[in-house]
Amino acid sequence: WAMGSMNSSALVMRAALGLGETEAYSDTVWGLLISIYGVGAMIGCSMSAQLADQLGRVAFVAITGILFVVAAALMTTAVLGGSAGIALMLVGRFLAGAASGGITVVMPAYLSEIAPIELRGALSISMQLVSVVSLLGVQLAGLPIALGTREAWPLVMALSGAPGLLQLLLLPLMVESPRWLAHAGHFHEAAAARAQLEGTSRRPRHYAQLEDGPEPEVVKREFHTEHGAPPAPTTSKP
């Protein structure tokens with residue numbers, strides 16, 4: 001939504017920000033406002049994998065949700081116009097791009113890690129489908145017969161924060177990726193997360209062993225084999 005929010009309503013937005021249609025300076029500033037989203041997305045993409053591995057998938061989704069909401073608030077208040085409005089729009093677009101780039105990398109990976117094998121492919125591409133539908137929606141919303149007017153265009157900006165707000169509201173329902181937990185060495189939490197995803201209170205076969213101090217190497221390998229994470233290297237004993 002944020003990516004295409006400045007297309008259909010470009011004329012009224014330029015007028016509200018004090019950017020004429022003919023001045024070279026105005027064209028340069030408008031081009032910067034458009035392209036800064038791509039810069040933010042590039043940075044978000046490049047940093048997302050490392051951050052998601054360090055913090056966890058759920059924590060990363062929370063961060064992007066906050067960025068989406070803050071970005072939407074900044075872009076909405078750009079209705080003030082003038083230099084202040086341009087600065088608010090610039091920062092908001094950058095943050096929206098960073099959040100979009102990061103979630104585009106991490107969310108498909110998260111979905112593939114928590115989904116059953118038979119649904120893994122469908123869920124992994126669902127984000128692309130949602131993105132395309134959102135682009136269509138924002139193009140229609142920005143038309144003059146909808147929200148593409150001088151009075152209503154800030155609402156288009158505000159709606160770009162709706163996905164981030166929804167992410168934050170649904171965050172308590174998210175289950176951390178068992179695969180990430182296993183890679184991080186949290187085998188107890190990984191087993192519990194897998195049981196929660198499977199909708200059962202059944203303790204995994206070696207769950208009791210995972211509760212008791214350091215896990216033997218064989219237990220780690222059994223967990224990895226059963227739950228999909230790569231097996232840890234074995235060490236030969238004399």
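The following dialogue explains how several descriptions of this predicted model are reached.

Trainee: How is the secondary structure of the chain made up, in helices and strands?

Mentor: The chain comes to 11 helices and zero strands. Read from the N terminus, each element in the order is therefore an α element.

Trainee: How many of the residues count as buried, and what surface is accessible?

Mentor: Of the 238 residues, 41% count as buried. The accessible surface comes to about 12,400 Å², and 68% of that surface belongs to carbon and sulfur atoms.

Trainee: What share of the contacts with a separation of 6 or more joins residues 24 or more positions apart?

Mentor: Such residues account for 64% of those contacts.

Trainee: Why is the pair of arginine 14 and aspartate 27 called a salt bridge?

Mentor: The closest N and O atoms of arginine 14 and aspartate 27 are 2.8 Å apart. The cut-off is 4 Å between a side-chain nitrogen of Lys or Arg and a carboxyl oxygen of Asp or Glu, so the pair qualifies. Arginine 14 belongs to helix H1 (residues 10-16) and aspartate 27 to helix H2 (residues 24-55), and the two are 13 residues apart.

Trainee: Are these two residues described as buried or as partly exposed, and why?

Mentor: The description differs for each residue because the limits are under 20% for buried and over 50% for exposed, with partly exposed in between. Arginine 14 has a relative accessible area of 10%, so it is buried. Aspartate 27 has 36%, which falls between the limits, so it is partly exposed.

Trainee: How many salt bridges are there by this rule, and which residues are linked in a network?

Mentor: The count comes to three. Asp53, Arg57 and Glu113 are linked in a network of salt bridges. Within it, aspartate 53 and arginine 57 meet at 2.9 Å, N to O, and arginine 57 meets glutamate 113 at 2.9 Å, N to O. Both distances are within 4 Å, so both pairs are salt bridges.

Trainee: What makes the pair of arginine 57 and glutamate 113 a tie between parts of the chain?

Mentor: Arginine 57 lies in helix H3 (residues 57-77) and glutamate 113 in helix H4 (residues 82-114), so the pair ties together parts that are 56 residues apart in sequence.

Trainee: How do you know whether arginine 57 and aspartate 53 are buried or partly exposed?

Mentor: The relative accessibility of arginine 57 is 8%, which is under 20%, so arginine 57 counts as buried. Aspartate 53 has a relative accessible area of 47%, so it falls between the two limits and is partly exposed. Glutamate 113 is buried, as is arginine 57.

Trainee: What makes the approach of arginine 57 to glutamate 113 a polar contact as well?

Mentor: The two side chains come to 2.9 Å, and the limit for a pair of N or O atoms is 3.5 Å, so the distance satisfies it. The side chain of arginine 57 also reaches the backbone oxygen of alanine 52 at 3.3 Å. Among the residues that arginine 57 touches, leaving aside those up to four places away in sequence, are Val106, Tyr110 and Trp180.

Trainee: Which residues make the nonpolar surface patch, and why can valine 69 belong to such a patch?

Mentor: Val69, Leu165, Leu166, Leu169, Leu170 and Leu173 make a patch of about 580 Å². Valine 69 has a relative accessible area of 31%, and a patch residue needs over 30%, so valine 69 meets that condition. Valine 69 lies in helix H3, whereas helix H7 (residues 162-170) gives the most to the patch, with four residues.

Trainee: What is known of the largest nonpolar core?

Mentor: The largest nonpolar core has 25 residues, and Trp30, Leu33, Met89 and Met157 have the most contacts inside it. H1, H2, H3, H4, helix H5 (120-141) and helix H6 (153-159) each supply at least two residues of this core. Another core, of nine residues, lies apart from it, with Val61, Tyr110, Leu111 and Ile114 among its members.

Trainee: Which residues does methionine 157 touch?

Mentor: Not counting residues up to four places away in sequence, methionine 157 touches Ser5, Met6, Met13, Ala72, Met75, Thr76 and Met89.

Definitions and conventions:
Residues are numbered from 1 along each chain as its sequence is written. This is a predicted model: local features need pLDDT of at least 70, side-chain atom pairs count only at pLDDT 80 or more; totals for chains, interfaces and linings use all residues. Side-chain values use heavy atoms; hydrogens and water are left out. Buried means under 20% relative accessible area, exposed over 50%, partly exposed in between (1.4 Å probe, protein chains only). Contact means heavy atoms within 4.5 Å. Accessible areas come from the Shrake-Rupley method with a 1.4 Å probe; for residues, only the protein chains shown count as cover. A polar contact is a pair of N or O atoms within 3.5 Å; within protein, one must be able to donate a hydrogen and the other to accept it, and residues adjacent in sequence count only if both atoms are side-chain atoms. Patches are made of residues with over 30% relative accessible area and no salt bridge: like charges are joined within 9 Å, nonpolar side chains (Val, Leu, Ile, Met, Phe, Trp, Tyr) within 5 Å. A nonpolar core is a set of buried Ala, Val, Leu, Ile, Met, Phe, Trp, Tyr and Cys residues joined through side-chain atoms within 4.5 Å.
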